[in-house]
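Dear colleague,

Please find below the structure that I agreed to hand over, followed by an account of what was found in it. I would be grateful if you could read the two side by side.

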Amino acid sequence: MTMESPREDFPSFYADAPSITLRDPLAQFLGAAREGLMHYHYVDAVRLAGHSCPTVAGTWLMTLHALRALYDDELPVRGEIEVYMADARDAGATGVMASVAQLVTGAAPETGFHGIGGRFGRNELLRYEQPVPGAMGFRRRDTGMAVQVELNASVVPWPSEMRGLIPLAVGGQASPEQLQRFGALWQDRVRKMLVEHAEDLAMVQVAPWTT
């Protein structure tokens, strides 16, 4: 008798967040995806990170807007995009941000895929401690066009109620009801970023960058 796996139960607004479609030549070459088309959704980043927070949501949107700026109406090419992180890999949330960008772009550090016959390499496309004016930089390998992106998450502030809930939740002193409320307010801020402010240029700022 086969046991049915428990169903995932994510907040419904994840489906309303903007998705990202790219073409991956490696996936096409190996027959993994027809024409190499890869569709990524915010829930993929949540599964990767194991959580949903303003950093994950903000990086998702920074990556989305950077690719739009670099490719306009073209399909971005996964594996042909370099990602530059301003901070060290072990600084703050840099590792989480890099992981989300790697998921979408395929850009990997030195541990990444080395390619096949001199093609499709993903290693050394993700670099840390780079002189990027913003939080992250993205560069097309074919044209050399590059942009820097910055996130101003203060555009969507925490509600005042969180001031009392955060120390209780983090300190392990919150009641079940308070924890439930904490999680609901936490995800509501993420929702506002991803749905209500996804196109807000005051929150996600993109500018040309000379590497």
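Thr 63 is buried, its relative accessible area being 0%. In this predicted model, the residue belongs to helix α3. Leaving out residues up to four places away in sequence, Thr 63 touches Ala 101, Val 104, Thr 105 and Phe 138.

Phe 138 also appears in the largest nonpolar core, which has 46 residues. Those with the most contacts inside this core are Tyr 42, Trp 60, Met 136, Phe 138 and Leu 194. Two or more residues each come from β1 (20-23), α2, α3, β3 (81-85), α4, β5 (136-140), β6 (146-151) and α6. The most are given by α3, with 10 residues. Another core, of five residues, lies apart from it and includes Met 162, Ala 169, Phe 182 and Leu 185.

Helix α2 (residues 42-49) deserves a separate paragraph. Its buried residues are Tyr 42, Val 43, Ala 45 and Val 46. These lie on the same side of α2, because they cover an arc of only 155° around the axis. Among the elements that cover them are α3 (54-71), α4 (94-105) and α6 (176-196). Tyr 42, setting aside neighbours within four places in sequence, is in contact with Tyr 14, Ala 17, Ser 52, Cys 53, Val 56, Ala 57, Trp 60, Val 190 and Leu 194. Just after α2, Gly 50 adopts a positive phi of about 80°.

With kind regards

Definitions and conventions: Residues are numbered from 1 along each chain as its sequence is written. This is a predicted model: local features need pLDDT of at least 70, side-chain atom pairs count only at pLDDT 80 or more; totals for chains, interfaces and linings use all residues. Side-chain values use heavy atoms; hydrogens and water are left out. Buried means under 20% relative accessible area, exposed over 50%, partly exposed in between (1.4 Å probe, protein chains only). Helices (H or I, at least four residues) and strands (E, at least two) are DSSP runs, numbered from the N terminus. The arc is that of the directions from the helix axis to the C-beta atoms. Contact means heavy atoms within 4.5 Å. A nonpolar core is a set of buried Ala, Val, Leu, Ile, Met, Phe, Trp, Tyr and Cys residues joined through side-chain atoms within 4.5 Å.
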